[in-house]
Amino acid sequence: MKKFEEMKFTIGELKGISAKNIEEHLKLYAGYVKNSNIIIDKLEEYKLDAEKNAYAMSELQRRFGFEFNGMRNHEFYFKSLEGKATPITKGGMLEKSIKKDFGSFEKFLAQFKMIAMTRGIGWAILYWDRQTEQLIPAWIDEQHIGQLNSLKHIFAIDMWEHAFVYDYQPSGKKQYVEDFFANLNWSVIEKNFTEAMNWEVVV
């Protein structure tokens, strides 16, 4: 299996989210990349005597889903904060799809922000379902429990406490969600959407 490489992100000054918070958060992301690669190495090692190491391999495989999804989710998260905050393109394909599926952009934001405020640690993710041609928002416990099969990420907000307590404290969770959208580069999100729409699903 190929090893994963740590991505580098260029994130400027953000509203409410400090440079120190981003710096520490990126270290955590780097840990997911590192741990994913460590698991790959260990699995290769244990394959040499698969029968003897069956239990250890099973537990590593379970852990791999956690580390890998942590890596990928953070990549979507940080990419969406690169560049400057940019509004959604009025009349663009993404806005049209949002209006079709949620009634209005404002209704979509209200629903997604409500999902992001779910109690517990996890991620609020907007997916595109190619089969039904609709946007689907979802809450993912931690980062590996409840991922929706065959759907493509459009964007994701990290709702683990490490993403916001440095700047907001636990009581500031709602303001963190508001500031995330204030910092969002919708041109990145629209690119994700275009790629998702052109992605073929084999059933």
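**Sheet, helix contacts and largest pocket in a predicted model**

Ala124 has Trp139 of β2 as its bridge partner. The model is predicted. Another bridge places Gly122 opposite Asp141 of β2. In total, eight bridges join β1 (residues 122–129) to β2. The two strands run antiparallel. They form a hairpin, with four residues between them. Glu133 lies in the turn of this hairpin and has a positive phi of about 50°.

The hairpin strands belong to an open sheet of three strands. The strand order is β2-β1-β3, and the pairing is antiparallel. Strands of a sheet pair through backbone hydrogen bonds, either parallel or antiparallel. The edges of the sheet are β2 (134–141) and β3 (152–158). Each of these edge strands pairs on one side only. On average, neighbouring strands are turned by 20° against each other, direction ignored.

Helix packing was examined next. Two packed helices are described by the angle between their axes and the distance between the axes. Helix α3 (residues 93–102) meets helix α7 (residues 186–197), and their axes come within 9 Å. These axes cross at roughly 75°. Angles of 65 to 115 degrees count as roughly perpendicular, and α3 and α7 are therefore roughly perpendicular to each other. From α3, the contact involves Met93, Leu94 and Ser97. From α7, Trp186, Ile189, Glu190, Phe193 and Met197 take part. By class, the residues of this contact are six nonpolar, one polar and one charged.

Helix α3 also contacts helix α4 (residues 105–116). Here the axes come within 8 Å and cross at roughly 75°. The helices α3 and α4 are therefore roughly perpendicular to each other. On the α3 side, Ile98, Lys99 and Phe102 make the contact. On the α4 side, the residues are Phe105, Lys107, Phe108 and Gln111. The α3 contact with α4 comprises four nonpolar residues, one polar residue and two charged residues.

The largest pocket holds about 480 Å³ of space. Its lining consists of 17 residues. Arg72, Phe76, Leu151, Lys152 and His153 lie nearest the centre of the pocket. Three elements, α2 (54–79), β3 and α7, each give two or more residues to the lining. Helix α2 gives the most, with seven residues. The lining divides into six nonpolar, six polar and five charged residues.

Two of the elements that line the pocket also appear in the contacts described above. Strand β3 gives two or more residues to the lining and is an edge strand of the sheet. Helix α7 likewise gives two or more residues to the lining, and α7 meets α3 through residues including Trp186 and Phe193.

Methods
Residues numbered from 1 in each chain as written. Predicted model: local features only at pLDDT ≥ 70, side-chain atom pairs only at ≥ 80, totals over all residues. Heavy atoms only, no water. Axes fitted to C-alpha atoms, helices over the stretch in contact; angles between N-to-C directions. Parallel < 35°, antiparallel > 145°, perpendicular 65-115°, else oblique. Contact = heavy atoms within 4.5 Å. Nonpolar A, V, L, I, M, F, W, Y, C, P; charged D, E, K, R; others polar. Pairing = 2+ DSSP bridges. 1 Å grid on protein atoms, 1.4 Å probe; cavity = no way out; pocket = protein on both sides within 12 Å on 5 of 7 lines; lining within 4 Å. Points joined across faces, edges and corners; volume = space filled by probe spheres on them.
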